[in-house]
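Here is a friendly walk through one protein chain, written for someone who likes to check contacts and angles against the atoms. Keep the viewer open as you read.

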Amino acid sequence: TARLEEKVVKNGVNATNFFPIYKFLLHLKALQASLAGDSAGLLAGVEEAERFRKKMGYWSSPFHLPYFLTEMAGLLMASDASGTKAAALLDEALAYNPQYAPALLKRARLWAAEGKAEDAGKALAAARTALAGADPDLILVKELAKAEGGRLP
């Protein structure tokens, strides 16, 4: 992180000029906060990433919106920092791409945890459709099989 942050500072990168390196720095900082058990730092990182995200258009840089939102939601889910915010990020990712399997699987987990089995089942069915024909060794395919086997975490 220190080396990446040094490059960001040296080149004057920030949310107003949004070079692609900045989104990676934000993601890395959020990941570090998550691993350190720093819920406040994680939430601050996700909120900065959300604020920054609105400044970067999908076509103007190598930026994959559903991936970015799903990764941030996953960090929140792993740390129990904010299930509500994680759900909102996943809903936004799925509004952009309703067939994005990683978001569907994470959303199914949240719905299952809320006791919304029907919604979780619909998300799993959509993930199954999105992953149809995928390599059975793909991690997402294995996660789907585990979730469909009734072992949603």
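A nonpolar core, as the term is used here, is a set of buried Ala, Val, Leu, Ile, Met, Phe, Trp, Tyr and Cys residues that are joined through side-chain atoms within 4.5 Å. Please bear in mind that the model is a predicted one.

## The core

With that term in hand, the largest nonpolar core comprises 40 residues, and Leu42, Met72 and Leu89 have the most contacts inside it. Which helices each supply at least two residues of this core? They are α2 (20-35), α3 (39-53), α4 (65-79), α5 (83-96), α6 (101-113), α7 (117-130) and α8 (139-148). The most is given by α4, with 8 residues.

## The chain as a whole

The chain contains 8 helices and 0 strands, so reading from the N terminus the order of elements is α-α-α-α-α-α-α-α. The chain has 153 residues, and 39% of them count as buried. If you take the contacts between residues at least 6 apart in sequence, 51% of them join residues at least 24 apart. The exposed area of the chain is about 8,500 Å², and 57% of that is supplied by carbon and sulfur atoms.

## Two helix pairs

Two of the helix packings can be set side by side.

| Helix pair | Packing angle | Axis separation | Crossing |
|---|---|---|---|
| α5 and α6 | about 145° | 10 Å | left-handed |
| α7 and α8 | about 145° | 11 Å | left-handed |

Let us begin with α5 and α6. On the α5 side the contact uses Gly83, Ala86, Ala87, Leu90, Asp91, Ala93 and Leu94, and these meet Ala103, Leu104, Lys106, Arg107 and Leu110 of α6. Sorted by class, this contact of α5 with α6 holds 8 nonpolar, 1 polar and 3 charged residues.

Now for α7 and α8, which pack at an angle of about 145° with axes 11 Å apart. Here Leu124, Ala127 and Arg128 of α7 make the contact with Leu144, Ala147 and Glu148 of α8. Between α7 and α8, the contact residues divide into 4 nonpolar, no polar and 2 charged.

## A buried arginine

One residue of the α5 and α6 contact is worth a visit of its own. Arginine 107 sits in helix α6. Is arginine 107 buried or exposed? Arginine 107 counts as buried because its relative accessibility is 7%, and the cut-off for buried is under 20%. Setting aside residues up to four places away in sequence, arginine 107 touches Ala87, Leu90, Asp91, Leu94 and Glu114.

## Around alanine 73

Alanine 73 belongs to helix α4. Its relative accessibility is 0%, so alanine 73 counts as buried. Beyond its neighbours within four places in sequence, alanine 73 is in contact with Ala86, Leu89 and Leu90. Alanine 73 and threonine 84 lie 11 residues apart in sequence, with their C-alpha atoms 9.6 Å apart in space.

## From proline 102 to leucine 140

Helix α6 also holds proline 102. With a relative accessibility of 17%, proline 102 therefore counts as buried. What does proline 102 touch, not counting residues up to four places away in sequence? The partners are Thr70 and Leu140. From proline 102 to glycine 74 the separation is 28 residues in sequence and 9.5 Å in space, C-alpha to C-alpha.

Following that contact brings us to leucine 140, which lies in helix α8. Leaving out residues up to four places away in sequence, leucine 140 touches Ala101, Pro102, Leu105 and Leu131. Leucine 140 and arginine 128 are 12 residues apart in sequence, and 9.8 Å separates their C-alpha atoms.

## A partly exposed glutamate

For a last stop, look at glutamate 47 in helix α3. Glutamate 47 is partly exposed because its relative accessible area is 43%, and partly exposed covers the range between under 20% and over 50%. Glutamate 47 and leucine 26 are 21 residues apart in sequence and 9.9 Å apart in space, C-alpha to C-alpha.

Note on methods:
Residues numbered from 1 in each chain as written. Predicted model: local features only at pLDDT ≥ 70, side-chain atom pairs only at ≥ 80, totals over all residues. Heavy atoms only, no water. Buried < 20%, exposed > 50% of the residue type's maximum accessible area, 1.4 Å probe, protein only. Helix = DSSP H or I, 4+ residues; strand = E, 2+ residues; numbered from the N terminus. Contact = heavy atoms within 4.5 Å. Areas by Shrake-Rupley, 256 points an atom, 1.4 Å probe, with all protein chains shown as cover. Axes fitted to C-alpha atoms, helices over the stretch in contact; angles between N-to-C directions. Left-handed = near helix turned anticlockwise from the far one by under 90°. Nonpolar A, V, L, I, M, F, W, Y, C, P; charged D, E, K, R; others polar.
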